[in-house]
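Here are some notes to read alongside the model, written as short numbered points. I hope they help you find your way around.

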Amino acid sequence: MAAAPSRCLLVTGPPGVGKTTLVMRLVETLRASHPHLNIRGFYTREVRENGERVGFEVVTLDGRNGRLASSKISSPESGRWPTVGKYKVDVASLELLALPELQVKQDTDLFIIDEVGKMELFSPAFFPAVMRVMESNIPVLATIPMPRYGRDIPGVARLRNHPGADVFTLNTGNRDTMREGIYNQLSRLMQKT
Ligand SMILES: Nc1ncnc2c1ncn2[C@@H]1O[C@H](COP(=O)(O)OP(=O)(O)OP(=O)(O)O)[C@@H](O)[C@H]1O
């Protein structure tokens, strides 16, 4: 008998290689081929103004969106917000959108977490929520950043080394075949639900 496919799929790769695009296309394809599936979670995308990147937003799979980080905000409360480069991270907004999506409920067929990165990890509640998903019996597709200067963010290292997690490292030459491989693995997992 073939071994059971891993339930935790982690996609990584250099910035801008296409992790979010891969996840979004996979969700689209899965929804078309398995319309009854309950897929929950969120992805993050850039916010651009006049061609310039001014921040990032969280988009939930049921269509809600809100701020993750911005270079354009200077309200009194944002003075205390954590920063990544020129961006201030709106942890409260992230938590409001993402945490309810990560609650482990048995009617969920697949969790999407794009991404578990430096900005998201400023939320003290975020990583424990991700771990509960990873340790549940429900399939999860998550994206994680590559180590920088040979070092992983500690939370990211824990996911990467999680027993049973499969890590897919994208580059521009393999991202389309990787997408097919991940689709096949998820399809096999979905047949079991
Ligand atoms: N398979 C692909 N074929 C062609 N273009 C692609 C493909 N995947 C991604 N792109 C393009 O590359 C750019 C970056 O993609 P994307 O935002 O998905 O990368 P990312 O790895 O999630 O980035 P980040 O590290 O910033 O989160 C986008 O303009 C996207 O349209």
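**Notes on the predicted model**

1. Let's begin at the ligand. In this predicted model, the residues around the ligand are Gly-13, Pro-15, Gly-16, Val-17, Gly-18, Lys-19, Thr-20, Thr-21, Arg-175 and Asp-176. Two elements, α1 and α5, each give two or more residues to this shell. Helix α1 provides the largest share, with three residues.

2. A word on the chemistry of that shell. By class, the residues around the ligand divide into five polar, three charged and two nonpolar.

3. The two helices that serve the ligand shell are also worth viewing as a pair. Helix α1 covers residues 19–33 and helix α5 covers residues 175–191. They pack with their axes 10 Å apart, at an angle of about 45°. Angles under 35 degrees would count as roughly parallel and those from 65 to 115 as roughly perpendicular, and α1 and α5 are therefore oblique to each other. If you look at the handedness, the crossing of α1 and α5 is right-handed.

4. Which residues meet where α1 and α5 pack? On the α1 side they are Leu-22, Arg-25, Leu-26, Thr-29 and Leu-30. On the α5 side, the partners are Arg-175, Met-178, Arg-179, Ile-182, Tyr-183 and Leu-186. Sorted by class, this contact holds seven nonpolar, three charged and one polar residue. Arg-175 is worth a second look, as it belongs to the contact with α1 and is also among the residues around the ligand.

5. Now for the fold as a whole. The chain has nine strands and five helices, and along the sequence they follow the pattern β-α-β-β-β-β-β-α-β-α-β-α-β-α. The radius of gyration is 17 Å, close to the 16 Å that the globule rule gives for 193 residues, so the chain is as compact as a globular protein of that length. Its C-alpha trace spans about 60 × 35 × 30 Å along the principal axes.

6. Two backbone details may interest you if you plan to look at torsions. The peptide bond from Asp-114 to Glu-115 is cis, with omega near 10°. Glu-115 sits in the loop between β7 (110–114) and α3 (126–134).

7. The other detail concerns Asn-50, where phi is near 50°, a positive value in a residue other than glycine. Asn-50 lies in the loop between β2 (39–49) and β3 (52–60).

Definitions and conventions
Residues are numbered from 1 along each chain as its sequence is written. This is a predicted model: local features need pLDDT of at least 70, side-chain atom pairs count only at pLDDT 80 or more; totals for chains, interfaces and linings use all residues. Axes are lines fitted to C-alpha atoms, for helices over the stretch in contact, and angles run from 0 to 180 degrees between N-to-C directions. Helices (H or I, at least four residues) and strands (E, at least two) are DSSP runs, numbered from the N terminus. Angles under 35 degrees count as roughly parallel, over 145 as roughly antiparallel, 65 to 115 as roughly perpendicular and the rest as oblique. A crossing is left-handed if the near helix is turned anticlockwise from the far one by less than a right angle, and right-handed if clockwise. Two residues are in contact if their C-beta atoms, placed from the backbone, lie within 7 Å. Ala, Val, Leu, Ile, Met, Phe, Trp, Tyr, Cys and Pro count as nonpolar, Asp, Glu, Lys and Arg as charged, and the others, Gly among them, as polar. A residue is near a molecule or strand if its C-beta atom, placed from the backbone, lies within 6 Å of it. The radius of gyration is taken over C-alpha atoms; the globule rule is 2.2 Å times the number of residues to the power 0.38.
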